[in-house]
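Please look over the sequence and the model displayed below before reading on. The report that follows is meant to be read with both in view.

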Amino acid sequence: MEVVSSALDRMTSGDLGARVTIGPRWSDDLVRIGGKLNQMAGAQEAQMKALKGVSSDIAHDLKTPLQRVAVYLEELEAKVDEDGEVAALVSKTQDEVNDMTRVFQSLLQLAQVEAGSPRNRFEKVDLAQVCRTVVEVFEPSAVASHHHLTLTADLEEAFIKGDRALLGQMLSNLIENALRHTPDGSHVSVQLTAQDGQLKLIVADNGPGIPADEKDKVVQRLYRLDRSRHTPGHGLGLSLVEAVAGLHGATVELADNAPGLRVELSFPR
């Protein structure tokens, strides 16, 4: 019963690969229960893979038509009066098309990361240098929105095996989320340290944070908090963070920063 209970806990926590390991001395009743649970878990895992495949297929199929629409809008923009109402409408339509294109590009990238294909590009990457570069890129945005962005790195070098571009985008997503969802004047800190044989990358803020009952939901695709529905974004940022972390063998923990959100990523050295 402890084996069955443990497998159920893993399944309900989101581990789609969890299965009941049936022992040689199990009674017939427990063997049937374990088999049915494994059958249910296998069906659920297959359904989730199918759903992810559908979203990727839709994104792939619509990417080219959207690109064509963007080209047509550029041609139309060149033919209308720059100060007229038509030009303003064309500009708004271009913004919407660009927004949709970014969603589909994010979905396709997420599918590639989850499939593990970027591992072919893995190399020796200095995570400390990635942090310095990304924070430097976001400093002007932080100043413009009256945020205080800081970097604390205990290590001059912190080498891991990975994809530099994906690691940079992962950190960019975390910083961008923190700047977007905290009020002006908030503090956003990036910390890199070594602890218990691991590299800890932490992005923390002192904003409103995330309710405890929604921490597991915000990493799902396209999920957004109610208060964030009127701000820019598509609900894919944290999904990509979790996927990139998993690709690099890292774990992600969303914790309460009291106040604010604290995202901790633990990388194997």
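What follows describes the overall fold, then two helices, then some side-chain contacts and loop residues.

**Overall fold**

The coordinates come from a predicted model, and everything below should be read with that in mind. The secondary structure of the protein chain comes to 6 helices and 7 strands, and these elements, read along the sequence, follow the pattern α-α-α-β-α-β-β-α-β-β-α-β-β. Of the 269 residues in the protein chain, 39% count as buried. When the contacts between residues at least 6 apart in sequence are taken together, 66% of them join residues that are at least 24 apart.

**Helices H4 and H5**

Two of the helices can be set side by side, with the residues they cover, their end-to-end reach and the contact that caps the N-terminal end.

| Helix | Number of residues | First to last C-alpha | Expected span | N-terminal cap |
|---|---|---|---|---|
| H4 (residues 127-144) | 18 residues | 26 Å | 26 Å | Asp126 to Ala128, 3.1 Å |
| H5 (residues 164-180) | 17 residues | 24 Å | 24 Å | Asp163 to Ala165, 3.0 Å |

In H4, the capping contact runs from a side-chain oxygen of Asp126 to the backbone nitrogen of Ala128. Although the reach of H4 is close to the expected 26 Å, the helix has a kink of about 35° at Phe138, shortly before the proline Pro140. Phe138 is also one of the buried residues of H4, a group that further comprises Leu127, Ala128, Val130, Cys131, Val134, Val135 and Ala142. Ala128 therefore appears twice in this account, since its relative accessible area is under 20% and its backbone nitrogen receives the capping contact from Asp126. Just after H4, His146 takes a positive phi of about 65°.

In H5, a side-chain oxygen of Asp163 caps the N-terminal end by lying 3.0 Å from the backbone nitrogen of Ala165. This helix is mostly covered, with 12 of its 17 residues buried. The buried residues of H5 include the leucines Leu166, Leu167, Leu171, Leu174 and Leu179, and among the others are Met170, Ile175 and Ala178, as well as Ser172, Asn173 and Asn177.

**Side-chain contacts**

Which ring lies under the charged end of Lys124? The ring is that of Phe159, and the charged end of Lys124 sits over it at 4.5 Å from its centre. For pairs of aromatic rings, by contrast, the count comes to 0.

Asn38 has its place in helix H2 (residues 28-77), and a polar atom of its side chain lies 2.6 Å from the backbone nitrogen of Val20. If residues up to four places away in sequence are left aside, Asn38 touches Val20 together with Arg19 and Ile22.

**The loop between E6 and E7**

Ala258, Pro259 and Gly260 can be taken in order along the chain. Ala258 lies in the loop between E6 and E7, and it has a positive phi of about 50° although it is not a glycine. Is Ala258 buried or exposed? With a relative accessible area of 64%, Ala258 is exposed, because the cut-off for that class is over 50%. The peptide bond that leads from Ala258 to Pro259 is cis, with omega near 0°, and Pro259 has its place in the loop between E6 and E7.

Gly260 is found in the loop between strand E6 (251-256) and strand E7 (261-268). Gly260 has a relative accessibility of 6% and so counts as buried. Not counting residues up to four places away in sequence, Gly260 touches Asp205, Asn206, Gly207, Gly209 and Ala255. Gly260 and Ser186 are 74 residues apart in sequence, and their C-alpha atoms are 9.6 Å apart in space.

**The loop between E4 and E5**

Asp196 is found in the loop between strand E4 (187-195) and strand E5 (198-205), and it has a positive phi of about 55° although it is not a glycine. Asp196 counts as exposed because its relative accessibility is 73%. Along the chain, Asp196 and Ser266 are 70 residues apart, while their C-alpha atoms are separated by 10.0 Å.

Key: Residues are numbered from 1 along each chain as its sequence is written. This is a predicted model: local features need pLDDT of at least 70, side-chain atom pairs count only at pLDDT 80 or more; totals for chains, interfaces and linings use all residues. Side-chain values use heavy atoms; hydrogens and water are left out. Helices (H or I, at least four residues) and strands (E, at least two) are DSSP runs, numbered from the N terminus. The expected span of a helix is 1.5 Å times one less than its number of residues. Buried means under 20% relative accessible area, exposed over 50%, partly exposed in between (1.4 Å probe, protein chains only). A polar contact is a pair of N or O atoms within 3.5 Å; within protein, one must be able to donate a hydrogen and the other to accept it, and residues adjacent in sequence count only if both atoms are side-chain atoms. Rings of Phe, Tyr and Trp (its six-membered ring) pair if their centres lie within 6.5 Å; planes under 30 degrees apart count as stacked, over 60 as edge-to-face and the rest as tilted. A charge sits over a ring if NZ of Lys or CZ of Arg is within 6 Å of the ring centre and within 35 degrees of the ring normal. Contact means heavy atoms within 4.5 Å. The bend at a residue is the angle between axes fitted to the seven residues ending there and the seven starting there.
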